[in-house]
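Here are some short exercises to help you find your way around a new structure. Try each task yourself before reading its solution.

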Amino acid sequence: MKILVCISKTPDTTSRIAFTDNNSRFDTDKVQFIINPYDEWYALVRAVELKEATGAEVTLIHVGPADGDAILRKALAIGGDRAVRVDADPADAYFVASQIAAFVRSDPHDLILTGKETIDYNGSQVGGMLAGLLDYPFVSLASRLDVAGNLVTLERDISGGKEILEVPLPVVVSCAKGMAEQRIPNMRGIMAARTKPLTVMTAHPADPLTRMVAFELPQTKQGVKLISPDQPEELVRLLHVEAKVI
Amino acid sequence: MSVLVFVEPADGVLRKPAFEAMSYGSRLAAAQNMQAYAVCLDESVPEDSLKQLGAYGAVKVLHDRSACFRPFDAQVFARAVRAAAEAVQARIIVLSLTYNGRALGPLLSAHMQAGLVTGAIDFPETNGEVFRIRKNVFGGKAIATVEVATAVKIIALMPNAVAPVRGEGVAEVETFTSGLQESDRRMRLTGVNKVSGKVALSDAEIVVSAGRGMKGPENWGMIEELAEVLGAATACSRPVADVHWRPHEEHVGQTGLAIRPNLYIAVGISGAIQHLAGVNGSKVIVVINKDPEAPFFKAADYGIVGDAFEVVPALTRALRRFKAGEMTFN
Ligand SMILES: Cc1cc2nc3c(=O)[nH]c(=O)nc-3n(C[C@H](O)[C@H](O)[C@H](O)COP(=O)(O)OP(=O)(O)OC[C@H]3O[C@@H](n4cnc5c(N)ncnc54)[C@H](O)[C@@H]3O)c2cc1C
């Protein structure tokens, strides 16, 4: 089985969120980049577990400029076998999905994993678009994934619970919490990652469908109104009369 | 030309996410001199409930009663919605960002080469050909304006962002045949685990959430009681889900579910930046924490500095009296 894990690069969760160029671009000054947590903790670790259990081969793919190589090396240290970087500005989710689809057409993979969304632009789009472009089945928000032969068993989040599904390969799956536990790469993994293949490919022609043109910060709160712990009735009154939420 | 709204029932009943999407879609349609249609792919919804969508602005509801739509297979749904969109010449497709909506939107976008905005929080700003719409980014730490340049546009609306407006009117319900069949579905459902009787977190109006300050899973009874008097859903911080005090699906924040209820009550949660990211779109935030320096107070509207083990039961008692009409305010 060949597994493809889509890796995206996001600012660290503690990054200061600010914008430049007249609020049209995210300010990357002093920002540390990490592997998008959903891609790393769930998609990648589950792929590596499947590799350990079944001998699957794990390919990583990232669409972005050269500074993404560090992210790919870390993902290789966690357990990917080889990495591919499509050297292009990831203009929007459709553009990214088009690049990955072009790669899969030239180098077929059976199981394609993405994170449920990226923690920066919160699009939740690449996996579904990829499935649409390849005409593979798509299972979103999976919290469990097992493979037996050609059949994948998945648990996915639905409103108020979970659903258990069986889908034949090939399939695209977006991975959510529960699927695996975060792994810290060890020294052996880090050393091995240095010599694992990382191929750079040129972009496949594709046009983005959307564009982020401006950013703003949300309005800040007026300041907290403190209520004494022995006056819960006062909180009830404020919620009813002032905030009108109960 | 029209606006097409995908309405998704829960257990055969149309609920708030469907009404929000419908009323959003019909307001959009009115602003652009277009008609608003709905498409429903669930045979179990009675015709009378679909007619009610007229009160939210639908002129006509296309109803495909094929059994192939159960269980949910996003590819099958995307192809059916596409067929409906082509039948009514939709320029804009609206859906709610539910669990299924998250899967449907991107597939539809790829099938139709139509730009998609996931988690829109507002009506679009239009000017000639320019179509721009706002959505949360960085888990709610910022808002982005997204421009969609394609002829057909898809909007996946964030639940609780735009209140549904109910008016008068009855929609016409028309049987629609998308042409999709059982043999198109590639997945098989082998089980469903539903927690019945609980309010679904993603579209709850009130959420009671608790963190490590609760000390252990055995203390969650008071959180559930508070949630019950309020008709609220329960949520938790990430470490609480990580150590399995609470189920994963309750985890809210930047790496959990992002929610925007009308009222979010946080008990024993410090208010780390990653937690705030998923909840700071809530209209009103109440924080109960024994540490006056807890960062959450900076993001709160109301706060009580005190021990949760005393404050929560007392608040629950006060709310019971309020709900029983035993409290009057002047
Ligand atoms: C990459 C990354 C992603 C993350 N994503 C998320 C996320 O999505 N969601 C999330 O929640 N966290 C997330 N975190 C973790 C986050 O940084 C915090 O560690 C976490 O939110 C803290 O949880 P907590 O508030 O329950 O616990 P703590 O920080 O331990 O806070 C417990 C609070 O309870 C109070 N308390 C204790 N006893 C009582 C009492 N008797 N009565 C009242 N108050 C009491 C304390 O004063 C304290 O403020 C993430 C972290 C990282 C690094």
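Two strands count as paired if DSSP finds at least two bridges between them. Keep in mind that the model is predicted.

**Exercise 1. Follow the sheet**

Task: Find in which order the 10 strands of the open sheet are arranged, and which strands stand at its edges.

Solution:
- Step 1. Going from partner to partner gives the order 13(A)-7(A)-6(A)-1(A)-8(A)-12(A)-9(A)-10(A)-11(A)-11(B), with mixed pairing in an open sheet.
- Step 2. Look at the two ends: strand 13 (198-202) of chain A and strand 11 (188-194) of chain B each have a single partner strand, so one side of each has no neighbour in the sheet.
- Step 3. From one strand to the next, the twist averages 30°.
- Step 4. Now zoom in on one pair: strand 8 (residues 111-115) and strand 12 (residues 171-175) of chain A run parallel and are joined by 5 bridges. Within this pair, Leu113(A) lies opposite Val173(A).
- Step 5. Add a helix: helix 2 (residues 69-78) of chain A packs on the sheet and touches strand 6 (57-63), strand 7 (82-87) and strand 13 of chain A. The direction of helix 2 makes about 160° with that of strand 7 of chain A.

**Exercise 2. Describe where the chains meet**

Task: Work out how many residues each chain brings to the contact, and what area is buried between chain A and chain B.

Solution:
- Step 1. Chain A contributes 79 residues and chain B contributes 88 residues.
- Step 2. About 7200 Å² is buried between the chains, and carbon and sulfur atoms give 60% of this area.
- Step 3. In chain A, the residues that lose the most area to chain B are Lys177(A), Leu209(A) and Lys221(A), together 10% of what that side buries.
- Step 4. Count the charged pairs: there are 9 salt bridges between the chains. One of them joins the side chains of Lys221(A) and Asp301(B) at 2.8 Å, N to O.
- Step 5. The largest share of the side of chain A that touches chain B comes from helix 6 of chain A, with 10 residues.

**Exercise 3. Place one arginine**

Task: Decide whether Arg246(B) is buried or exposed, and find its surroundings.

Solution:
- Step 1. Arg246(B) sits in the loop between helix 6 (238-242) and strand 14 (263-267) of chain B.
- Step 2. Buried means under 20% relative accessible area. Arg246(B) has 11% relative accessibility, so Arg246(B) counts as buried.
- Step 3. The side chain of Arg246(B) makes a polar contact with that of Glu250(B) at 2.9 Å.
- Step 4. Beyond four places in sequence, the contacts of Arg246(B) include Lys198(B), Trp220(B) and Glu224(B).

Terms used. Residues numbered from 1 in each chain as written. Chains lettered and ligands numbered in written order. Predicted model: local features only at pLDDT ≥ 70, side-chain atom pairs only at ≥ 80, totals over all residues. Heavy atoms only, no water. Helix = DSSP H or I, 4+ residues; strand = E, 2+ residues; numbered from the N terminus. Buried < 20%, exposed > 50% of the residue type's maximum accessible area, 1.4 Å probe, protein only. Polar contact = N/O pair within 3.5 Å; in protein donor to acceptor, adjacent residues only side chain to side chain. Contact = heavy atoms within 4.5 Å. Axes fitted to C-alpha atoms, helices over the stretch in contact; angles between N-to-C directions. Buried area = accessible area lost by both parts, 1.4 Å probe. Salt bridge = Lys/Arg side-chain N within 4 Å of Asp/Glu carboxyl O.
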